[in-house]
Structures are given as structure tokens and as C-alpha cells.
Amino acid sequence: MTKVYILHENSEWTVHLTKRLEELKVPYEEWHLDQGIVNLTEAPPEGIFYNRMSASSHTRNHRYAPELTSAVLAWLEHHDRTIFNGSNALRLELSKVLQYTALEASGIKTPKTIAAVGKEQIIKAAHELGETSFITKHNRAGKGLGVQLFHTIESLRTYIEGSTFEEPVDGITLIQQYIQAPQPYITRCEFINGKFQYAVKVDTSEGFELCPADACQIDDMFCPVGETESNLEQPKFQIIENFNETIIEKYEQFLKQNQIKVAGIEFIRDSNGEFYTYDVNTNTNYNADAEKLAGKYGMLQLAIALKAELEKNYTKA
């Protein structure tokens, strides 16, 4: 039987999709790629493959899951299997440097950024950036890893030389222009099968450490999806009705150019209304409370898309 294969390393995130596949009676199989083998002497099974490997896998002790996934994707692509988010999507998931260069190549503005390896080079990069306020972040990130706001070089040095400094898993720290928004929120645009689904307003008043799928913080190593927000006066995640900014066309073209089927793309607007895009998440999740209020369900739409692709490519038994 042909089926949908889900490549991942976090069952707590994937269960929301598998429930929808079960509702639609779509056969599927999970490939948890924390460990495994890739037998290059054999062909992979027939089916539709969906890669949702996460850049933050190392925070769940799955350090080499992205590397294993890269090998699996190369194997699948060699055998011309149909893949949602193949090798190029994974490359961008694992590197903000690659994200920013690809975004700029598509005419999408990103914040001024300098990549640095080594503590003294981070300080040098901050000097070269020449911004009064700036942030640090990890190149291979997810969950807001390494995101800190600084207003002076001295405070940056104190952080780097202190016990709370987070060493990036790939060694690359980014120094980035801080975009001051008139109101404390960012916008995340969700795409399925390369097409815009909806935009989410994400409250950042409590800091940068916001998993867009829920209200988890950076120190929540498991980052569970779908926790309730009934105790909050204002939900952290709200789907924006009738969002039709022209940036959507650029995002869809960017996704097409980079062979990305499923993604969440985040931007912030400054006081002049200018857009700055700063994150492409190809392992996107969805907030259950926000979706329920709006009556829009990302994982359901993704399951429908995977089912349609399976039926298009393979004859039903």
C-alpha cells in the first residue's frame, strides 16, 4: 500500500497532523529520524514524503537528526520520489544565513545582519553593524535560540563572557539590526502547498522567546504544542481576518523558487510601515486556540493536500 511518510524528530508536534490524516483515512507512516540507516543499495518505498525536520532538534537531544534527514532526502530525490519540503527546504531551515540570502535574492527585505564565529568576532560584528540597538540569534535556531536584545557593545561583551552565553550548535552567531515596531507584535504568514493560508499576529510584549505554535518559552526544552491560553487577557496568537498585503505574492514566489511547500514566514513592520522578513520556518506548527476562534485549521489543510498528492500520483487500491 502506498502511503504518506512523515520525516520528523518530535512526535509531540507531529501528532496534530497524524490525527487529521486518520480523520481523512489517509494511510501514513512516521519516520522518526533521531537515529537510523539509509540503505543506498535499495530503492525507497513508493509514496508521498513530507519532511518536517526541525532546526531546534538538538534541544531535544536529537543532535544529528537534520544530518540524517539530509541523507534520507538525497536518497529519496535520487529515486524521484514526491517530497513536500525536500533538500533545499531543509537547507534553509537549518541556516538563517541561507534564508536571508535567498529572501534578498527574491527581492524581500531582511534586517541588516552579520554572521560571526568566535566571541571576539561577535564583538567585532556588532561594531561593524553600527546600530544603536541590535540583537543576537543563532544561525541554526528555532524556539528563539540565542535571541537577546542589546543597546550597548559593553552589555554584549558581558553576555558573551558570562555563564548565560549560549553557544550555537553550528558555531555561528548572528548580529542583527533591531527593528523597533510601533506596537509589540510580529506577523507570521502560513503557507501550505505553496499557497497562503492565513496570517497570525503574535504578541511580543513578553519578549522574543515565543514559539509561534503555542505560548512556550525558550527554556521549555520540549515546547509542547497547543497549550491553552484561557488565563491570558489577550491571546498571544490571533489570526488576522482579511489579510491581503502585497508581500504575500513575493512570499509565494519565494517558496516556489526554493521548492518549499509548507512554511511559516515571519515579518515585522517598523514605524515607517516598512516590512522586514526575518524567519522562514519550514517545520511550521499552528496554534490550536487561534485556529479554533478563526475556524481555520492548518493541519487539516495540510492533510488534505497530502491526500490529494497521494491520490494524484498513485492509483487507489
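Start by selecting phenylalanine 191: its bridge partner is alanine 263, in strand 12. You're looking at a predicted model, where local features need pLDDT of at least 70, side-chain atom pairs count only at pLDDT 80 or more, and totals for chains, interfaces and linings use all residues. Residues are numbered from 1 along each chain as its sequence is written, and side-chain values use heavy atoms, with hydrogens and water left out.

**Stop 1: the five-stranded sheet**

Now widen the selection to strand 9 (residues 185-192) and strand 12 (residues 263-269), which pair in the antiparallel sense over five bridges. Two strands pair here if DSSP finds at least two bridges between them. Strands (E, at least two residues) and helices (H or I, at least four) are DSSP runs, numbered from the N terminus.

On to the next pair: strand 9 and strand 10 run antiparallel and are joined by eight bridges. Click threonine 187 and you'll find lysine 201 of strand 10 opposite. Follow the chain round the hairpin of strand 9 and strand 10, with two residues between the strands, and stop at asparagine 193, which takes a positive phi near 60°.

One more step takes you from strand 10 to strand 11, again antiparallel, with four bridges. Here alanine 199 stands opposite isoleucine 240 in strand 11.

Zoom out, and what is the order of the five strands? It reads 11-10-9-12-13, in an open sheet with antiparallel pairing. Strand 11 (237-240) and strand 13 (275-281) are the edge strands, each pairing on one side only. Neighbouring strands of this sheet are turned by 30° against each other on average, direction ignored. Add helix 9 (residues 298-313) to the view: helix 9 packs on the sheet, touches strand 9 and strand 10 (195-203), and makes about 25° with the direction of strand 9. Contact means heavy atoms within 4.5 Å. Axes are lines fitted to C-alpha atoms (for helices, over the stretch in contact), and angles run from 0 to 180 degrees between N-to-C directions.

**Stop 2: helix 1 against helix 9**

Keep helix 9 on screen and add helix 1 (residues 11-23): the two axes come within 8 Å and cross at roughly 60°. That makes helix 1 oblique to helix 9; angles under 35 degrees count as roughly parallel, over 145 as roughly antiparallel, 65 to 115 as roughly perpendicular and the rest as oblique. The crossing is right-handed, meaning that the near helix is turned clockwise from the far one by less than a right angle (anticlockwise would be left-handed).

Show side chains for Trp13, His16, Leu17, Arg20 and Leu21 in helix 1, which meet Met299, Leu300, Leu302, Ala303 and Leu306 in helix 9. Those contact residues divide into eight nonpolar, one polar and one charged. For that count, Ala, Val, Leu, Ile, Met, Phe, Trp, Tyr, Cys and Pro are nonpolar, Asp, Glu, Lys and Arg are charged, and the others, Gly among them, are polar.

**Stop 3: the four-stranded sheet**

Next, find the open sheet of four strands, ordered 5-8-6-7 with antiparallel pairing. Strand 5 (113-116) and strand 7 (148-150) each have a single partner strand, so one side of each is left without a neighbour in the sheet. From one strand to the next, the twist averages 25°.

Select strand 5 and strand 8 (residues 173-177): they run antiparallel, joined by four bridges. Alanine 115 stands opposite leucine 174 in strand 8. Packed on this sheet is helix 4 (residues 96-105), which touches strand 5, strand 6 (134-138) and strand 8, at about 40° to the direction of strand 8.

**Stop 4: helix 5 and helix 6**

Move to helix 5 (residues 119-129) and helix 6 (residues 153-161), whose axes come within 10 Å and cross at roughly 165°. The pair is therefore roughly antiparallel, and the crossing is right-handed. Which residues make the contact? Pick Lys119, Glu120, Ile122, Ile123, Ala126 and His127 of helix 5, with Ile153, Leu156, Arg157 and Ile160 of helix 6. They divide into six nonpolar, one polar and three charged.

**Last stop: the domains**

Finally, colour by the domain assignment: domain 1 (3-92 + 304-312), domain 2 (94-108 + 181-217 + 233-295) and domain 3 (113-177). These bounds come from an automatic or database domain assignment. The centres of domain 2 and domain 3, taken over C-alpha atoms, are 23 Å apart, and nine residues of domain 2 are in contact with 13 residues of domain 3.
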